[in-house]
Amino acid sequence: MIERILLALIAGLFISAMNTTDEKTYTLATDYTITIKGTSNLHNWEEKVEEVSGDIIVKWNDDRTFDLEAVAIKIAVHSIKSEMGIMMDNNTYKALQADRHPEITFTLLQPLKSIQTDRIEQTLSIKGTLCIAGVNRSV
């Protein structure tokens, strides 16, 4: 699930490939959609994330490939909203310890080198640190 979210975010950061050896920072586009789906012993649930920010650093290579040097994504916990109402939102904020940890973050652990740009769409597997409720995990 988190891989799908991260791939969607990364895909939204790219506009076009450049033919220069250059390092560029790209900021998350505003036309993203992040949905969190889950289940409990009572019911299935779905929430939407309204506030996300993110940047990636890309190094463009002479051979038309690029290196993904850095990824940093932040999700505002209080922007996670459920169609089930304020009670579900409050349960989410409590579980995520939103008052003490107002953001969920993801940062890239290992850069990816020589990524091909000859496809309009591609899937990348990236390794990073995901921090939720103050707990860091490698994903």
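Which strands does α2 lie across, and at what angle does α2 run to β6? In this predicted model, α2 lies across β3 and β6 and runs at about 145° to β6. Let's start with the whole chain and then work back to that helix.

## The chain as a whole

The protein chain carries 2 helices and 10 strands. Going along the sequence, the elements come in the pattern α-β-β-β-β-β-β-α-β-β-β-β.

There are 139 residues in the protein chain, and 32% of them count as buried. The accessible surface adds up to about 8900 Å², with 51% of that belonging to carbon and sulfur atoms. As for who touches whom, take the contacts between residues at least 6 apart in sequence: 58% of these join residues at least 24 apart.

## A three-stranded sheet

One open sheet is made of 3 strands in the order β2-β3-β6, with antiparallel pairing. At its edges stand β2 (34-39) and β6, and each has a single partner strand, so one side of each is left without a neighbour in the sheet. On average, and ignoring direction, neighbouring strands here are turned by 30° against each other.

Now for the β3 and β6 pairing. These two strands run antiparallel and are joined by 3 bridges. If you want a spot to look at in the structure, find Val49, which stands opposite Ile80 in β6.

## Helix α2 and what covers it

Back to the helix from the opening. Helix α2 spans residues 86-95, and its buried residues are Met88, Asp89, Thr92 and Tyr93. Looking down the axis of α2, you'd see the buried residues fall within an arc of 140°, so they line one face of the helix. Flip to the other side of α2 and you'll find Met87, Lys94 and Ala95 exposed.

So what covers the buried residues of α2? The cover includes β3 (44-49) and β6 (80-82). Those are the strands that α2 lies across, and they also sit together in the sheet order β2-β3-β6. Just past the end of α2, Gln97 takes a positive phi of about 50°.

## Salt bridges

How many salt bridges does the structure hold? There are 3. One of them is between the side chains of Asp22 and Lys24, at 3.0 Å from N to O. Asp22 is partly exposed, with a relative accessible area of 29%, and Lys24 is partly exposed too, at 26%.

Another joins Glu46 with Lys48, where the closest N and O atoms are 3.6 Å apart. Glu46 has a relative accessibility of 35% and counts as partly exposed; Lys48 likewise comes out partly exposed, at 35%. Then there's the salt bridge between the side chains of Glu69 and Lys113, at 3.1 Å from N to O. This pair links distant parts of the chain, with Glu69 in strand β5 (residues 66-76) and Lys113 in strand β8 (residues 112-115), 44 residues apart. Glu69 is partly exposed, at 25% relative accessible area.

Technical notes:
Residues are numbered from 1 along each chain as its sequence is written. This is a predicted model: local features need pLDDT of at least 70, side-chain atom pairs count only at pLDDT 80 or more; totals for chains, interfaces and linings use all residues. Side-chain values use heavy atoms; hydrogens and water are left out. Buried means under 20% relative accessible area, exposed over 50%, partly exposed in between (1.4 Å probe, protein chains only). Helices (H or I, at least four residues) and strands (E, at least two) are DSSP runs, numbered from the N terminus. The arc is that of the directions from the helix axis to the C-beta atoms. Contact means heavy atoms within 4.5 Å. Accessible areas come from the Shrake-Rupley method with a 1.4 Å probe; for residues, only the protein chains shown count as cover. Two strands pair if DSSP finds at least two bridges between them. Axes are lines fitted to C-alpha atoms, for helices over the stretch in contact, and angles run from 0 to 180 degrees between N-to-C directions. A salt bridge is a side-chain nitrogen of Lys or Arg within 4 Å of a carboxyl oxygen of Asp or Glu.
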